[in-house]
Amino acid sequence: MLSNRQLFLNHLAQTSDAPLMLEMISAEGVYMTDTDGKKYIDLISGIGVSNVGHRHPRVVDAIRNQVDKHLHVMVYGEFVQSPQVKLAEALTQTLPDNMDSVYLVNSGSEAIEGAMKLAKRYTGKAKIIACKDAYHGSSHGALSLTGSEDFKQSYRPLLPGVSHMDFGNTESLDVIDEDTAAVVIETVQGEAGVRDADSDYWKEVEKKCKETGALLILDEIQCGFGRTGKLWAFEHYGIVPDVLVSAKGMGGGMPIGCFISSKEIMGVFTNNPVLGHISTFGGHPVSSAASLATLQAILEENLLDGIARKEQLFHDLLKHLMIKEVRSKGLMMAVEFESYDILKPIIDRAIELGVVTDWFLFNDRSMRIAPPLIITEEEIKKACKIIMQAIDDVSGR
Ligand code: PMP
């Protein structure tokens, strides 16, 4: 009989020549356990997903309860489904008044696609501005927004009318003009290796969008849902988007995404044409129930309270001659080394020693650290000790 590893290579479409090939049989809290019973600290939360930890009891209960009631009953937007309604209400309660309408989808890319369509339809314009080094997803529209030529070049033609500006640079905002439907920006850039901008920049972005009538779409697929220490990353900067996009951590381990805007803006999907955006599984009841439980866990268990302290602890413990810089916004962190060739063996060694980290799509010399927000100080100390040992082992010091 073929092993799962062989079946993985034989029958699952591969996306790289060097997949990690770890095989987990269970995961709980910050730990994942492989088929040999070896435990790993998950320092990347399945890439920004398990913000409340793996199998958070509230999430598991919510899933169980919903499974006992019903699974899929109807496509998005027709039946009144209690898990969807409750989630949408709870999400809007965390947001400014203008964000009172939620469109639920299945993933980040899909949410970006919906948000782009919404902006085009609402403004009657077609031009979209995004940022260099941005990542917004892998579907055609989302890929068009992505700010890396490397990832796009083999898939042209992509969406016309998309231009890229420098993130964090007010001078670059001149590209936003009267023909612009939307400006799509990650509130904190993820795959660029954790880059943020100051409030002054954001105020200018907001102003420019208001002046030109472009909708400001904030992609918080990676940086939202508590990751940066606030529920929504835009709260750090004193601005309010026209459209907010979420996914990843939102589902507590289940697939779900959404874009949120005002009832007025969202209303355009109801006419010309009717059913302006359609999704069969958008806001699947089990995912919606899991998402509501995730949100409640973050808010009711005060998971955001300890984040600044935990962030500081990582900074205190990750000090080494080989480390060039540690950038962070809450528990969204990048530890920069000289090069990928130095970083990759450190990541591999850390995995051998029981800590899973990663690098970033557009910054392969930085180590990705984005643990479940529930990580304890003891677990941070343990994980950092292992990373430091991995650096020592690799650098021979
Ligand atoms: N936007 C950002 C900022 C992301 O980090 C991601 C996923 N890495 C996406 C969009 C796409 O999300 P998904 O993989 O769920 O389609």
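# Exercises on a predicted two-domain model

Met-21 lies in the loop between α1 (4-11) and β1 (24-28); helices (H or I, at least four residues) and strands (E, at least two) are DSSP runs, numbered from the N terminus. This is a predicted model, in which local features need pLDDT of at least 70 and side-chain atom pairs count only at pLDDT 80 or more, while totals for chains, interfaces and linings use all residues. Residues are numbered from 1 along each chain as its sequence is written, and side-chain values use heavy atoms, with hydrogens and water left out.

## Exercise 1. Backbone exceptions

Describe the phi of Met-21 and of Ile-47, then find the cis peptide bonds before Pro-157 and Pro-273.

Step 1. Recall the background. Most residues other than glycine have a negative phi, and most peptide bonds are trans.

Step 2. Take Met-21. Its phi is positive, near 60°, and Met-21 is not a glycine. Met-21 is buried, because its relative accessible area is 18% and buried means under 20%, exposed over 50%, partly exposed in between (1.4 Å probe, protein chains only).

Step 3. Take Ile-47. Here too phi is positive, about 60°, in a residue that is not a glycine. Ile-47 sits in helix α2. At 24% relative accessibility, Ile-47 is partly exposed.

Step 4. Turn to the prolines. The bond from Arg-156 to Pro-157 is cis, with omega near 0°. Pro-157 belongs to the loop between α7 (149-152) and β6 (162-165). The bond from Asn-272 to Pro-273 is also cis, again with omega near 0°. Pro-273 belongs to the loop between α9 (263-266) and α10 (285-300).

## Exercise 2. A buried charge

Work out what surrounds Asp-42, and how far away the nearest side chain of opposite charge is.

Step 1. Locate the residue. Asp-42 is in strand β3 (residues 39-42).

Step 2. Look for a partner. Asp-42 is buried and has no salt bridge. A salt bridge is a side-chain nitrogen of Lys or Arg within 4 Å of a carboxyl oxygen of Asp or Glu. The nearest side chain of opposite charge is Arg-227, 8.4 Å away. For charge, Lys and Arg count as positive and Asp and Glu as negative; His and the chain ends are not counted.

Step 3. Check the backbone. A polar atom of the Asp-42 side chain lies 3.3 Å from the backbone nitrogen of Gly-46.

Step 4. List the contacts, meaning heavy atoms within 4.5 Å. Neighbours within four places in sequence aside, Asp-42 touches Val-30, Met-32, His-54, Val-356, Pro-371 and Pro-372.

## Exercise 3. The domain interface

Describe how domain 1 and domain 2 meet.

Step 1. Set the bounds, which come from an automatic or database domain assignment. Domain 1 is 4-56 + 302-395, and domain 2 is 58-300. Their centres, taken over C-alpha atoms, are 26 Å apart. The contact takes 30 residues from domain 1 and 40 residues from domain 2.

Step 2. Size the interface. Buried area is the accessible area (1.4 Å probe) that two parts lose on being put together, summed over both. The two domains bury about 2,800 Å² between them, 59% of it on carbon and sulfur atoms. Lys-329, Met-332 and Phe-362 supply 29% of the area that domain 1 buries against domain 2, more than any other three residues.

Step 3. Count the salt bridges. The rule finds two across this interface.

## Exercise 4. Salt bridges

Compare where the partners lie in the pairs Asp-196 with Lys-329 and Arg-349 with Glu-352.

Step 1. Start with the principle. Side chains of opposite charge can pair when their charged atoms come close. In this model the count comes to 18 salt bridges.

Step 2. Take Asp-196 and Lys-329. Their closest N and O atoms are 3.6 Å apart. Asp-196 lies in the loop between β7 (180-186) and α8 (199-212) and Lys-329 in strand β11, so the pair ties together parts 133 residues apart in sequence. Asp-196 is partly exposed at 38% relative accessibility. Lys-329 is buried, with a relative accessible area of 17%.

Step 3. Take Arg-349 and Glu-352. This salt bridge spans 2.7 Å, N to O. Both residues lie in helix α12, three residues apart, about one turn of the helix. Arg-349 is partly exposed at 24% relative accessibility.

Step 4. Finish with a network. Salt bridges link Glu-325, Arg-327, Glu-336 and Arg-365.

How values were computed
A polar contact is a pair of N or O atoms within 3.5 Å; within protein, one must be able to donate a hydrogen and the other to accept it, and residues adjacent in sequence count only if both atoms are side-chain atoms.
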